[in-house]
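Please open the structure in your viewer and keep the selection tool at hand. The tour below moves from stop to stop, saying each time what to select and what is there.

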Amino acid sequence: MSRDPGSPLDRILPRRGTGSVKWEYREQAAGHASRLEPAGDSEVIPMWVADMDFACPEAVVEAIRRRAAHPIFGYSAASAGFVRAFTDWAAARHGFQVDPAWVVPTEGIVPDLGLIVRTFLREGEGVILHPPVYYPFYGAVRHNGARIARCPLYTDRGPGNPYRLDLERFEQLALRPENRMTFLSSPHNPVGRVWTAAELEEVARIAERGDLLVVSDEIHADLLLEGGVFTPWLRAAARSAPRSFVCWAPSKTFNLAGLKASVLVIPDPELRARYRRARDRTGAYGVNPLSAAAAEAAWTGGAVWLDRVLRYLTGNAHRLHAFLEERPELGVRPTPIEGTYLAWLDFRHSGIQPAALEAFLLDEARLRLEDGAVFGPEGAGFARMNIACPRPLLDEALHRLEGALTRKTRSKTRTSAGRTKPAAQP
């Protein structure tokens, strides 16, 4: 797919000096006892943290300016307009009808996950995860007294994204009384799969049979490539109606992650009341007034911007896939991206040992990708690349990757050629 000449999305906006986690830091022990350290080398291209290197919608910037023009930033609550903006967006974009009474404004999905676990599970009860999966899921379970029950995805040969939910194993785990909850990543991070309505309906049937609580993280729901169709969990699960928590936010869609605005959709009134009481006990109160203004503006005025970004992301995905498919000798195989802006790259045929992959990419290619192993052992030998960046930056990253892998191959060839055959013994 050709690039639109002069597209504003081609512009590389410097982010160093803004406190950007992606550009100024690196993470140690991701998903466990995570901590940030200064990245150091400014020549490395960071393609790890899941935020975009695009300016957010002008409607958002203008809404923040308007709210900031009022010089008082006291305690604030989410307005009816904030909630209505979300429910109208969900209905218009996905046919996802949400009763405003179900919506609980929050300040971030990852903290919500941990609070849900410690509120609704007893010590040692199980949460079924589907790895390789977004690594904060592991911390949300382990750090809040629960236990992980693993139900790995499997791959199925054929066209398109090969990853599938293992529904047979999921049912076995769901029927064990010690397992009380499951987390869904929908669309799935990091493998980029968009679950079909039929798959989600079967998950709902099994969850209802096992009396599981279902937490569906739909934060990437708006980021569909190639004209894909997203099925909201609550629509797929309507017939079985397992008790559910649905996680939404404008953060990935409109590049607002630093503003900490999100919502939980909790249809069951008893669960919603229990969650609100648990949240009150944490001392969390109200919303950030600038964040609320930004989120409302994004949901009400960001559709045209998002459509333009999705076309650009689809072009980036085409560029990545064509580049690697035209160079099979590099030994890097891309997984087709149906949703998210995250490429799941298979390096297992590159000759690089999984344990050495992250260091190779950093030291030889000067790229900071997310090591696949942090998403679970199923991710060993893979890396996650964030392609939500200007195409000139993506092109530079791909050429750096090609150069590093080519040098590695040549070095190996020279080493092999330099070996001499032992002389025959008399």
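A cavity, as the word is used here, is a set of grid points where a 1.4 Å probe fits but cannot get out. The model on your screen is a predicted one, and by this rule the count comes to 1 cavity of 30 Å³ or more.

**First stop: the cavity**

Select Phe82, Pro105, Thr106, Glu107, Lys260, Ala261, Ser262, Val287, Asn288, Ser291 and Ala292, which together line the largest cavity. The space enclosed there is about 60 Å³. If you colour the lining by residue character, you should find 5 nonpolar, 4 polar and 2 charged residues. Strand S4, which covers residues 103–106, and helix H11, which covers 289–301, each supply at least two residues of this lining.

**Second stop: rings around Trp248**

A pair of aromatic rings is described by the distance of the centres and the angle of the planes. The structure holds 16 aromatic pairs, and one of them is formed by Phe86 and Trp248, an edge-to-face pair with 5.7 Å from centre to centre and 65° between the planes. Show the chain as a ribbon while these two are selected, and you can see that the pair links distant parts of the chain, with Phe86 in helix H3 (residues 80–94) and Trp248 in strand S11 (residues 244–248), 162 residues apart.

Are these two residues buried or exposed? Phe86 has a relative accessibility of 0%, so this residue counts as buried, and Trp248, with a relative accessible area of 1%, is buried as well.

Now add Phe96 to the selection, whose ring centre lies 5.6 Å from that of Trp248; the planes of these two rings meet at 35°, so the pair is tilted. This pair also links distant parts of the chain, since Phe96 is in the loop between H3 and strand S4 while Trp248 is in strand S11, 152 residues apart. Both Phe96 and Trp248 are buried.

**Third stop: a cluster, and charges over rings**

Next select Tyr134, Tyr135, Phe137, Phe183, Trp344, Phe375 and Phe382, which form one aromatic cluster. After that, turn to Phe323 and look for Arg327, which lies over the face of the Phe323 ring at 3.7 Å from its centre. A further example is found at Tyr312, where the charged end of Arg391 sits over the ring, 4.3 Å from the ring centre.

**Last stop: the backbone**

Most residues other than glycine have a negative phi, and most peptide bonds are trans. With that in mind, select the loop between strand S9 (179–185) and helix H7 (197–209), where Pro187 is found. The peptide bond leading from Ser186 to Pro187 is cis, with omega near -5°. Pro190 lies in this loop between S9 and H7 too, and the peptide bond from Asn189 to Pro190 is likewise cis, with omega near 25°.

Then move to Ala241, in the loop between helix H8 (233–236) and S11, where phi is near 55°, a positive value in a residue other than glycine. Ala241 counts as partly exposed, at 49% relative accessibility. Finish at Arg366, in the loop between helix H13 (357–363) and strand S15 (367–368). The phi of Arg366 is near 60°, again a positive value in a residue other than glycine, and Arg366 is partly exposed, with a relative accessible area of 25%.

How values were computed:
Residues numbered from 1 in each chain as written. Predicted model: local features only at pLDDT ≥ 70, side-chain atom pairs only at ≥ 80, totals over all residues. Heavy atoms only, no water. Phe/Tyr/Trp six-rings, centres within 6.5 Å; stacked < 30°, edge-to-face > 60°. Helix = DSSP H or I, 4+ residues; strand = E, 2+ residues; numbered from the N terminus. Buried < 20%, exposed > 50% of the residue type's maximum accessible area, 1.4 Å probe, protein only. Lys NZ or Arg CZ within 6 Å of the ring centre and 35° of its normal. 1 Å grid on protein atoms, 1.4 Å probe; cavity = no way out; pocket = protein on both sides within 12 Å on 5 of 7 lines; lining within 4 Å. Points joined across faces, edges and corners; volume = space filled by probe spheres on them. Nonpolar A, V, L, I, M, F, W, Y, C, P; charged D, E, K, R; others polar.
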